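Thanks for asking me to look this one over. I have put my comments in the form of a short numbered note, to be read with the model open beside you.

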Amino acid sequence: MTQQVKHFIDGEFVSSNSDKLIPVTNPATQEVIAQVPCATQEEMTRAVESAKAAFLTWKEVPVSERARLMMRFAHLLKEHQGEIAEIICQELGKTVEDAKGDVWRGIEVVEQAANIPSLMMGETVENVARSIDTYSYIQPLGVCAGITPFNFPAMIPLWMFPMAIACGNTFILKPSEQDPMTVNKIAELFVKAGAPKGVLQVVHGAKEQVDAILHHPDIKAISFVGSVNVGQYIYKTGTDNLKRVQAFAGAKNHMVIMPDANKQQVVNALVGASVGAAGQRCMAISVAVFVGAAAEWIPEVAAAIGKVRPGVYTDPNAAYGPQISPQARARVLSLIEQGKKEGATCVLDGSDCKVEGYPDGNWVGPTVFSNVKTDMEIYKQEIFGPVLTTMHVDSLAEALKVVNDSPYGNGTSIFTASGAAARKYQHEVEVGQVGINIPIPVPLPFFSFTGWKGSFYGDQHAYGKQAVRFYTETKTITARWFDDDIPVSGPNMSINLR
């Protein structure tokens, strides 16, 4: 029988009592490799109660001990990086190199979580008034939760729970039902690192389980990464229930190419940033805006992308894997057809892609469109597949207008040899993460992941210092100690400190 994925509740991996099971399939073969249960209401309640009880003791653990837990955890993740990557390859279909990168970018956040003592320092001012001092402490919220997508089953959970737990919170994680086994392996290593019982819970399921998290009164904060519609729902529902919410949603990321850029660097960057990971990245470059004479390079870009081919992870020559599901593949193919009908030029068409020996895989070949307009569906929608759309403008000012008119603001980049052009672009573009001659500007975790506009709903972003602010409250103390030698003054009838 196909294995059933277990929940991780109250310090143990437990079989679910649920009769609602979702198949986990290998996207290259459609083979069912596991069944993931949708947690029952009783199981959800037990997870929250365990996390709530654990918080009472975990918040009192010295910050240096919490940091050392993260050091041990990071070491184990590095030791088992290949094993975790193998699981990712099986349930998501990523290439080995891409899967290892997924794990590594998560490890970097855990390393940052090990710096938590300095990140949780408060502030002090002596003598704010005569013999009165003011100082602040950073304290945890309580039970926090994370809801994560399929496309980075290691990295995005590791964006969330290590920082939250290092801050002194406990955490409930609901990973994607499409690739749940990666998170279970990570939870196993977290226990091995010495995490106390109840500090981390992993519950599996779908919308019903998400709703249970959104409505539970004991959950104080929710972090989410996923699609636009779901992100908006999570944000509205969570905040309506008076919770803190950070919801990272969809994107339509542009690369602006100036005619003075290094052509070969542009070509190489666009190949990897557009079709890498089968385009299933919220920071993928899906729109290339060629300025002036740079448009002459579009055929060369298409030719280079055309040399890339998808395949299974055991094939060392495969550049990327399949779409996560037949439904995802069908959506990408539908948008490709829509682009043709709307009048865009399909320079490279990957609709009929086949991989020898794997006829049932969710394959989409690399696809490139030119002459794309901003009113076309292939421009307006996040395709989330290996599809690059290109357009031509006459000036940097026009390129900026295209980017700034987009409702999304996750990431963007400019390729140029001009410092003046780069400076103008980084200053005027209305996007949270900007790359200069770097195609996918995901910051390292001592900075924060700072999407803007319709790509993010909330106030504080993921990892870095903003994550600490999101998962904590600030307590400010104003104190005076009376000296017996100082005469007692009369009542102070104003709000001024005296």
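The points below go through the sheets, the helices, the pockets and the cavities of this model.

1. A word before we start: this is a predicted model. Please keep that in mind as you read the values below, which are computed from a prediction.

2. Let's begin with the seven-stranded sheet. Its 7 strands run in the order S14-S15-S16-S13-S12-S18-S19, and the sheet is open, with mixed pairing. At its edges sit strand S14 (345-348) and strand S19 (433-436), each of which has a pairing partner on one side only. On average, neighbouring strands here are turned by 20° against each other, with direction ignored.

3. Within that order, S13 and S12 are listed side by side. How do strand S12 and strand S13 pair, and over how many bridges? Residues 253-257 of S12 and residues 285-291 of S13 pair in the parallel sense, over 5 bridges. If you would like a place to start on screen, pick Asn253, whose bridge partner in S13 is Ile285.

4. Two helices lie across strands of this sheet. Helix H10 (residues 263-275) lies across S12, S13, strand S16 (387-393) and strand S18 (411-415), and it runs at about 155° to S13. Helix H15 (residues 419-428) lies across S12, S18 and S19, and its angle to S18 is about 165°. Strands S12 and S18 thus appear in the contacts of H10 and again in those of H15.

5. There is also a three-stranded sheet to look at. It is open, with strand order S5-S6-S22 and antiparallel pairing. Strand S5 (124-129) and strand S22 (472-480) are the edge strands, each pairing on one side only. The twist from one strand to the next averages 30°. Strand S6 (residues 132-140) pairs with S22 in the antiparallel sense over 9 bridges, and the partner of Thr134 in S22 is Thr478.

6. Next, a helix pair. Where do H8 and H9 meet, and which residues take part? On the H8 side you will find Lys207, Val210, Asp211, Leu214 and His215, and they meet Tyr233, Ile234, Thr237 and Gly238 in H9. By class, this contact holds 4 nonpolar, 3 polar and 2 charged residues. The axes of H8 and H9 come within 9 Å and cross at roughly 35°, and the crossing is right-handed.

7. Helices H8 and H9 turn up again at the largest pocket. Helix H8 (207-215), strand S10 (219-225), helix H9 (228-240) and helix H12 (326-341) each supply at least two residues of its lining. Which element gives the most? That is H9, with 5 residues.

8. The largest pocket has a volume of about 990 Å³. Its lining counts 38 residues, and those nearest the centre are Pro149, Phe150, Gly226, Ser227 and Val230. Sorted by class, the lining has 20 nonpolar, 12 polar and 6 charged residues.

9. The second largest pocket has a volume of about 480 Å³. It is lined by 16 residues, with Arg480, Phe482, Ile486, Pro487 and Ser489 closest to its centre. The lining divides into 7 nonpolar, 4 polar and 5 charged residues. One name to connect with point 5 is Arg480, which is among the residues closest to the centre of this pocket, while strand S22 covers 472-480.

10. Finally, the cavities. How many of 30 Å³ or more does the structure hold? There are 4. The largest cavity has a volume of about 110 Å³, and of its 15 lining residues, Gly279, Ala284, Ser286, Glu382 and Phe384 come closest to the centre. The lining is made up of 7 nonpolar, 5 polar and 3 charged residues. Ser286 is one to check alongside point 3, as strand S13 spans residues 285-291.

11. The second largest cavity holds about 80 Å³ of space. Its lining includes Leu92, Gly93, Lys94, Thr95 and Asp98, along with Asn151, Ala277, Ala278 and Gln280, and also Tyr320, Gly321 and Pro322. By class these are 5 nonpolar, 5 polar and 2 charged residues.

How values were computed: Residues are numbered from 1 along each chain as its sequence is written. This is a predicted model: local features need pLDDT of at least 70, side-chain atom pairs count only at pLDDT 80 or more; totals for chains, interfaces and linings use all residues. Side-chain values use heavy atoms; hydrogens and water are left out. On a 1 Å grid over the protein atoms alone, a cavity is a set of points where a 1.4 Å probe fits but cannot get out, and a pocket is an open set with protein on both sides within 12 Å along at least five of seven lines; lining residues have an atom within 4 Å of a point. Grid points are joined across faces, edges and corners, and a volume is the space filled by probe spheres set on the points. Helices (H or I, at least four residues) and strands (E, at least two) are DSSP runs, numbered from the N terminus. Ala, Val, Leu, Ile, Met, Phe, Trp, Tyr, Cys and Pro count as nonpolar, Asp, Glu, Lys and Arg as charged, and the others, Gly among them, as polar. Two strands pair if DSSP finds at least two bridges between them. Axes are lines fitted to C-alpha atoms, for helices over the stretch in contact, and angles run from 0 to 180 degrees between N-to-C directions. Contact means heavy atoms within 4.5 Å. A crossing is left-handed if the near helix is turned anticlockwise from the far one by less than a right angle, and right-handed if clockwise.
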